[in-house]
Amino acid sequence: MKLFVLVSRVPYPLEKGDKLRAYHQIKRLSKHHEVMLCCLNDDDLHPEAEKELKAICHQLEIIKLNKARILMNLFFAMFSNQPFQVKYFYQRGAQKRINQLIDQFHPDHIYCQLIRSSEYVKNQHNYPKTIDYMDAFSKGVERRITKAPWYLRWVFKSEAKRLLAYENIIFEYFDFKTIISHQDRDLIYHPNRNDIKIILNGVDTDFFHHMPHEKEYDLVFTGNMSYPPNVESVEYLVKEIMPLVQQKRPGINLLISGVNPAPSVKALASDHITVSGWVDDIRTSYASARIFIAPMQIGTGLQNKLLEAMAMHLPCITSPLANNALGAVHNESILIGAQPDEYAACIIRLLEDEALSEKIASNGHLLVKSKFNWEATTDELSNLMAEKVTASV
């Protein structure tokens with residue numbers, strides 16, 4: 001099968017969830033299909049990006065978006081009903097090039113990641129198409145309204161409303177729809193939302209595995225540290241949870257590891273809190289800690305950081321919100337907190353009960369190995385697209 005894959009960002013390096021999902025899906029789809037990967041790009045290109053991506057697909061096209069046009073689009077978006085992020089990524093020059101590529105490649109199927117890039121292919125009526133919602137963007141933006149500065153709340157309210165409508169409108173243009181979890185599917189308010197196929201993320205357990213390492217930290221949190229849900233999570237951890245733990249364990253320390261830490265994250269650094277920024281091998285951050293904690297307060301989707309930590313045999317603590325997509329069992333393969341005192345109690349339990357810590361780590365590891373496998377989840381995606389191709393023949 002010839003697959004034309006459109007993504008809104010160059011999926012390398014793998015510091016963001018959409019890049020991680022796209023990279024691993026493309027890598028595995030290319031084993032059985034001829035894949036043309038087309039990437040929109042609004043940023044500087046990593047020096048290794050083209051080399052890495054050419055190794056996992058058959059043809060690669062990177063379309064540079066004009067930054068002046070992006071700003072103009074955002075201005076005109078104020079007078080439109082389309083979401084700002086759809087306007088942000090759409091340019092006529094890019095549309096013309098994508099049309100040319102599709103005409104030349106003549107794919108059997110078009111696979112579009114995220115609604116923000118769907119405008120480019122929604123009217124390609126001669127080819128079967130699949131849209132990967134990935135998660136419920138509208139709900140993610142809605143959850144950020146109360147956390148946003150007062151002068152930006154109107155923007156988030158408007159964007160949440162626009163995204164909600166657009167998620168329903170774009171549904172009709174695609175033959176198949178996919179999403180990362182049942183939790184996110186339930187937040188797409190289309191009458192036929194149950195037709196959306198759940199395609200889980202995976203974790204590379206050959207790469208993320210148990211590594212002997214000196215335990216320098218009690219706690220670790222990883223992620224893109226300019227992403228608002230991650231920023232909110234570590235601020236909550238440092239300001240609300242850790243003071244309660246320190247009452248019993250004054251020396252407790254934390255590693256915050258991940259790319260592009262926001263100024264408010266950098267400001268959290270202290271004698272007991274290390275903000276590392278980018279690290280060459282994120283596995284060293286996981287391996288250097290006793291516990292992984294992700295007290296996510298906002299956001300949607302499946303937290304890849306939890307999959308990676310579990311794969312590396314770390315006991316994990318998270319919120320009900322994050323665990324809804326993961327589906328781990330409290331007190332068996334994960335510990336769950338909802339309030340600061342509950343999180344603090346979970347941390348102290350794991351630090352003081354070695355048997356419990358080992359049980360949670362072992363069961364979590366078994367969970368990700370059995371349920372979150374890139375080969376299996378991408379095979380489901382491949383079979384879904386092949387179904388439409390077969391029906392069209």
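## Nonpolar cores

Among the 104 residues of the largest nonpolar core, F4, I98 and I347 touch the most other members. Helix α9 makes the greatest contribution to this core, with 8 residues. A second core, separate from this one, consists of 20 residues, including L3, V7, V10 and Y111. The model described here is predicted.

The surroundings of I347 can be listed in detail. When neighbours within four places in sequence are set aside, I347 is in contact with L219, I241, V245, I252, I291, I293 and I317.

## The parallel sheet

An open sheet is formed by 7 strands, arranged in the order β3-β2-β1-β4-β5-β6-β7, with parallel pairing. The edges are occupied by β3 (59-64) and β7 (197-198); each has a single partner strand, so one side of each is left without a neighbour in the sheet. Strands of a sheet pair through backbone hydrogen bonds, in either a parallel or an antiparallel sense.

Strand β1 (residues 2-7) runs parallel to strand β4 (residues 109-113), and 4 bridges join the two. F4 has I110 of β4 as its bridge partner. F4 is also one of the residues that touch the most other members of the largest nonpolar core.

## Strand β5 and its neighbours

On one side, β5 is joined to β4 by 4 bridges, and the two strands run parallel. Y111 stands opposite T130 of β5 in this pairing; Y111 also belongs to the second nonpolar core. Strand β6 (residues 176-179) likewise pairs with β5 in the parallel sense, over 4 bridges. There, I131 has K177 of β6 as its bridge partner.

How many residues of strand β5 (residues 129-134) are buried? The count is 6 of the 6, so the strand is largely enclosed by the rest of the structure. The side chains divide between two directions: K129, I131 and Y133 point one way from β5, whereas T130, D132 and M134 point the other way, and all are buried. K129 also lies over the face of F174, at 5.7 Å from the ring centre.

## Aromatic pairs and a charge over a ring

The structure contains 10 aromatic pairs. One of them joins F207 and F208 in an edge-to-face arrangement, with 4.9 Å from centre to centre and 85° between the planes. The two residues have separate burial classes: F207 counts as partly exposed at 35% relative accessibility, while F208 is buried, with a relative accessible area of 9%. Another pair is formed by Y236 and Y343, whose ring centres are 6.0 Å apart and whose planes stand at 80°, so this pair is edge-to-face. Y236 lies in helix α9 (residues 228-246) and Y343 in helix α14 (residues 340-352); the pair therefore ties together parts that are 107 residues apart in sequence. Both Y236 and Y343 are buried.

F207 and F208 also belong to one aromatic cluster together with F221, Y286 and F292. In addition, R283 lies over the face of F207, at 3.9 Å from the ring centre.

## Cysteines

A search of the whole structure finds 0 disulfides. For C38, which is in no disulfide, the nearest cysteine sulfur is that of C39, 6.7 Å away. C38 counts as buried, at 0% relative accessibility.

C346 is likewise in no disulfide, and the nearest cysteine sulfur, belonging to C316, is 12 Å away. At 5% relative accessibility, C346 also counts as buried.

## A buried loop residue

Where does Q91 lie? Q91 is found in the loop between α4 (84-89) and α5 (92-105). Is Q91 buried or exposed? Q91 is buried, having a relative accessible area of 8%. Not counting residues up to four places away in sequence, Q91 touches L65, N66, R69, I70, N73 and Y120.

Conventions: Residues are numbered from 1 along each chain as its sequence is written. This is a predicted model: local features need pLDDT of at least 70, side-chain atom pairs count only at pLDDT 80 or more; totals for chains, interfaces and linings use all residues. Side-chain values use heavy atoms; hydrogens and water are left out. Two strands pair if DSSP finds at least two bridges between them. Rings of Phe, Tyr and Trp (its six-membered ring) pair if their centres lie within 6.5 Å; planes under 30 degrees apart count as stacked, over 60 as edge-to-face and the rest as tilted. Buried means under 20% relative accessible area, exposed over 50%, partly exposed in between (1.4 Å probe, protein chains only). A charge sits over a ring if NZ of Lys or CZ of Arg is within 6 Å of the ring centre and within 35 degrees of the ring normal. A disulfide is a pair of cysteine sulfur atoms within 2.5 Å. A nonpolar core is a set of buried Ala, Val, Leu, Ile, Met, Phe, Trp, Tyr and Cys residues joined through side-chain atoms within 4.5 Å. Contact means heavy atoms within 4.5 Å.
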